[in-house]
2 protein chains.
Amino acid sequence: MAANPERTRNPDRSRAAILDAAERLFADQGYEATSLNQVGAAAGVSRGTPGYFFGSKLELYQAVLDRSFTEVREAVREGRARALASNEDSETILAGAVSDYFDFLAARPNFVRLIEREALSGSRLPEGASLSAGQEALAAISAELGLDDAPSGEAAQLLLSIISLCWFPLIHARTVAPAVGVGLENESLMEQRKRHVVALVLHGLRGTPLSTTSTEPSSHD
Amino acid sequence: MAANPERTRNPDRSRAAILDAAERLFADQGYEATSLNQVGAAAGVSRGTPGYFFGSKLELYQAVLDRSFTEVREAVREGRARALASNEDSETILAGAVSDYFDFLAARPNFVRLIEREALSGSRLPEGASLSAGQEALAAISAELGLDDAPSGEAAQLLLSIISLCWFPLIHARTVAPAVGVGLENESLMEQRKRHVVALVLHGLRGTPLSTTSTEPSSHD
DNA sequence: GATAACTTGCTGATCAGCAAGCAAGCTGCA
DNA sequence: TGCAGCTTGCTTGCTGATCAGCAAGTTATC
């Protein structure tokens with residue numbers, strides 16, 4: 001029960017263990033419901049160690065978010081490079097990007113939950129700290145895909161739809177999804193969901209005239 | 001600053017004021033971050049009154065959810081009756097239902113946030129209490145639209161997509177939406193978003209074969 | 001032996017729940 | 001009509017628990 005006295009000291013390992021534990025606990029329970037006591041216990045250190053390394057609870061939380069965003073930023077950069085390098089047609093690129101984004105989020109449930117909690121509580125971080133990094137990444141994607149120069153904003157709307165479709169099932173896999181008869185419990189069911197999302201986005205891309213400000217007279221959209 | 005001594009007693013008004021205040025505070029800050037002190041102050045009663053009327057903090061929370069779900073259940077019943085009464089073609093009905101659902105959620109930001117928090121924390125309610133009411137309502141809709149007997153689940157997938165698309169912008173109106181260049185600040189921008197969602201769903205409906213299992217390929221009422 | 005890596009004891013603050021108190025208004029009775 | 005007594009709405013003081021942060025202690029490692 002007591003902390004193992006044989007354990008060797010290792011600040012790097014302790015920091016990482018604390019960040020891991022805090023990420024999971026903050027994501028599962030939220031900031032207020034998580035105590036530094038819990039974090040320490042889950043990380044295999046004492047109650048005071050998180051404070052020793054990170055100063056305060058808020059700073060620990062910020063460090064968790066920072067680490068997540070750094071990881072996300074790198075993944076986004078890689079994904080963008082891959083998309084640019086390919087010379088497929090834009091529809092295939094979009095389908096691949098949606099699929100990748102879906103998988104990316106599915107592999108990072110803690111990240112999704114943390115951001116969702118941030119969005120719900122209107123960010124307890126000073127001002128545009130880590131969160132702006134995520135927004136910056138999204139803005140970069142949208143610029144990269146040439147989706148931001150259409151004044152109609154139709155492309156931006158589609159991007160927001162893509163994010164909605166990939167994001168939502170991860171949060172509501174145990175609430176809304178089963179209620180409407182969509183199972184998401186195993187990998188093949190998630191794959192099925194992903195195929196539906198990709199198909200829906202492609203139908204939307206084909207069906208929507210991407211730059212019709214006031215030209216088309218007949219369409220009754 | 002002190003409570004107005006002129007104030008007449010009125011348990012109904014007090015109960016309602018407490019429920020209103022608690023709904024807003026729980027939705028904005030979450031369960032843990034909200035104290036009964038805050039609830040009392042926001043409701044114009046003393047610190048102890050919420051406990052007097054509702055027993056405990058958890059019971060107050062449950063009462064807030066119950067009231068929300070009752071309201072939602074009634075609205076769903078009305079919407080269903082309206083859809084059944086109309087004799088438009090199914091595509092028009094679906095478009096109207098999506099539009100109504102979008103407006104319905106947009107008019108109930110507290111409800112959306114409460115459910116979102118519930119989903120994130122895995123329901124602190126005993127077991128399938130209020131939440132199942134919402135699931136029940138969704139299941140009813142899906143059955144009503146005849147979307148649940150297709151073994152392929154394509155229709156259920158589309159329903160989940162509809163919910164995702166209507167739900168997401170309400171939570172991320174201040175985070176993701178501006179980052180991708182979609183404004184949602186005023187009514188006309190929300191209207192624009194709604195039109196996009198309806199159009200996307202209709203494209204999905206047209207583009208996807210709804211019953212490609214082994215039954216009748218043509219008739220789908 | 002110095003410094004860094006922890007742990008443990010302490011403190012003040014906050015909070016939920018309880019219980020005691022108080023007063024407004026009703027009910028029954030003269 | 002008036003008053004006594006009771007119920008009910010609501011407040012306030014108290015208690016035990018929890019928690020974040022700090023400071024002082026302890027031990028490994030360089």
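The paragraphs below go through the relation between the two protein chains and then the protein surface around one DNA strand.

The model is a predicted one, and its two protein chains are a suitable place to begin. In general, two copies of a chain are related by a rotation about an axis and a shift along it. Here, a turn of 180° with a shift of 0.0 Å along the axis lays chain A on chain B with an RMSD of 0.0 Å, which means that the two chains stand in the relation of a two-fold axis. The same surface serves both copies, since 100% of the contact residues of chain A recur in chain B.

Turning to the DNA, there are 19 residues around DNA strand D, and those that come nearest are Arg9(A), Ser46(B), Arg47(B), Thr49(B) and Phe53(B). Of the atoms of this strand that come within 4 Å of the protein, 56% belong to sugar and phosphate. By class, the surface near DNA strand D comprises nine polar, five charged and five nonpolar residues. Within chain B, α1 (11–29) and α3 (49–54) each supply at least two residues of that surface, and α3(B) gives the most, with three residues.

Individual polar contacts add detail to this picture. On the side of the bases, an N or O atom in the side chain of Arg9(A) is 2.2 Å from a base oxygen of DNA strand D, while a polar side-chain atom of Arg47(B) lies 2.7 Å from a base nitrogen of DNA strand D. On the side of the phosphates, a polar backbone atom of Thr34(A) is 3.4 Å from a phosphate oxygen of DNA strand D.

Technical notes
Residues numbered from 1 in each chain as written. Chains lettered and ligands numbered in written order. Predicted model: local features only at pLDDT ≥ 70, side-chain atom pairs only at ≥ 80, totals over all residues. Heavy atoms only, no water. Least-squares fit on C-alpha atoms with pLDDT ≥ 70 in both. Contact = heavy atoms within 4.5 Å. Near = heavy atom within 4 Å. Polar contact = N/O pair within 3.5 Å; in protein donor to acceptor, adjacent residues only side chain to side chain. Helix = DSSP H or I, 4+ residues; strand = E, 2+ residues; numbered from the N terminus. Nonpolar A, V, L, I, M, F, W, Y, C, P; charged D, E, K, R; others polar.
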